[in-house]
Amino acid sequence: MEHPGAPKMRTKDVSVYYGDKKAIDQVTIDIPAEYVTAFIGPSGCGKSTFLRTLNRMNDTIPSARVEGTIELDGDDVYASSMDVVQLRARVGMVFQKPNPFPKSIYDNVAYGPSIHGLAPTKADLDQIVEKSLQRAGLWNEVKDRLQESGTALSGGQQQRLCIARAIAVDPEVILMDEPCSALDPIATAKIEELIDELQGRYAIVIVTHSMQQAARVSQRTAFFHLGEMVEYGPTDAIFTTPQEERTKDYITGRYG
Ligand SMILES: Nc1ncnc2c1ncn2[C@@H]1O[C@H](COP(=O)(O)OP(=O)(O)OP(=O)(O)O)[C@@H](O)[C@H]1O
């Protein structure tokens, strides 16, 4: 790695349509390899839509169409040769509502590495499960109940389980779509601490409604408005010396 801000993903002139409606207009951005990048902006401005283009989650929406180019370490994400299952292991995703599989805690984490052939033996798999749960800050809370259902955990624990599940396949990028919006303040603080610990190991992109959260967890912030990326830069600069009028209006609470 040349420097922490070196790009992991690059998008160029990315537009996204739902049918005839344009939801994202020509977004060009470099996502740094070792930073947390926050996407902020008012409701409906396209943050989630753009996030989902990065690992082709929009493929699951029949009316969605993506134009422009997106690269992951120089690989064209939308190339016909791109294996989407592999892509989503390299670019993992954590959703707004924790969505563990209705399986044991162990199986939730073990499933990905098993289907991707990352664990030749049961001992290897055990080790991946333990390491992933540790990294997700959940190991101590669940180590004695790995066979219990993932859905029996609290909301905050379920979200950390989903992060462990993403980590287990050794991703390069983790996309988080408002990962704390269904959580209480204590569970939210734990996820924010966790993001801090994971920073540097993975490129992390987080969509958040909370400017405070963006300021706390990210090193880079992109401000979206009406499908455009209006401004992008170091988080401190976006919040203290925004260059664009629309960014200024948003961070001072004039709309949103
Ligand atoms: N599956 C879909 N089909 C059609 N239109 C959609 C779909 N998903 C989103 N949109 C539209 O695309 C635009 C951007 O939505 P998106 O959810 O990406 O914005 P957002 O900034 O993430 O909003 P929020 O913060 O409220 O989640 C909105 O006008 C929305 O109505």
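1. Helices in this note are DSSP runs of H or I with at least four residues, strands are runs of E with at least two, and both are numbered from the N terminus. On that footing, and bearing in mind that the model is predicted, G117 comes just after α3 and takes a positive phi of about 65 degrees.

2. Helix α3 itself spans residues 105-115, and its buried residues are I105, N108, V109, A110, G112 and P113. The cover over these buried residues includes α2 (84-90), α4 (122-135), α5 (139-142) and α6 (155-167), so that α6, which returns in the points below, is among the elements to inspect around α3.

3. For the extent of the domain, the UniProt record, in an unreviewed entry, lists residues 9-251 as "domain: ABC transporter". Over residues 9-251 the chain is 37% helix and 27% strand, with 26 Å between the end C-alpha atoms.

4. One open sheet has 6 strands, arranged in the order β6-β7-β8-β3-β9-β10 with mixed pairing. Its edge strands, each of which pairs on one side only, are β6 (91-94) and β10 (228-234), and from one strand to the next the twist averages 15 degrees. At the β6 edge, 4 bridges link β6 with strand β7 (residues 173-177) in the parallel sense, and within this pairing V94 has M176 of β7 as its bridge partner. Helix α6 packs on the sheet, where α6 touches both β6 and β7, and the direction of α6 makes about 170 degrees with that of β6.

5. How do α6 and helix α7 (residues 185-198) cross? Their axes come within 9 Å and cross at roughly 20 degrees; since angles under 35 degrees count as roughly parallel, α6 and α7 are therefore roughly parallel to each other. The crossing is right-handed, and the residues that meet are G155, G156, Q159, R160 and I163 on the α6 side and A187, K190, I191 and L194 on the α7 side.

6. A further open sheet is formed by 4 strands in the order β2-β1-β4-β5, with antiparallel pairing. Here the edge strands are β2 and β5 (75-76), each pairing on one side only. Strands β4 and β5 run antiparallel and are joined by 2 bridges, with L72 standing opposite D75 in β5.

7. Is Y35, in the loop between β2 (21-32) and β3 (36-40), buried or exposed? Y35 is buried, because 21 other C-beta atoms lie within 10 Å, and the cut-off for a buried residue is 20 or more. Leaving aside neighbours within four places in sequence, Y35 is in contact with P4, G5, Q199, Q219 and R220. The C-alpha atoms of Y35 and V217 are separated by 9.6 Å, although the two residues are 182 residues apart along the chain.

8. A second loop residue, R56, is found between α1 (47-53) and β4 (64-72). R56 counts as partly exposed because it has 18 C-beta neighbours inside 10 Å, which falls between the limits of 12 or fewer for exposed and 20 or more for buried. Not counting residues up to four places away in sequence, R56 touches V77, V84 and L87; for V77, which is 21 residues from R56 along the chain, the separation of the C-alpha atoms is 7.8 Å.

Terms used. Residues are numbered from 1 along each chain as its sequence is written. This is a predicted model: local features need pLDDT of at least 70, side-chain atom pairs count only at pLDDT 80 or more; totals for chains, interfaces and linings use all residues. Two residues are in contact if their C-beta atoms, placed from the backbone, lie within 7 Å. Two strands pair if DSSP finds at least two bridges between them. Axes are lines fitted to C-alpha atoms, for helices over the stretch in contact, and angles run from 0 to 180 degrees between N-to-C directions. UniProt positions are given in the numbering used here, feature names are shortened, and annotations may be inferred rather than shown by experiment. Angles under 35 degrees count as roughly parallel, over 145 as roughly antiparallel, 65 to 115 as roughly perpendicular and the rest as oblique. A crossing is left-handed if the near helix is turned anticlockwise from the far one by less than a right angle, and right-handed if clockwise.
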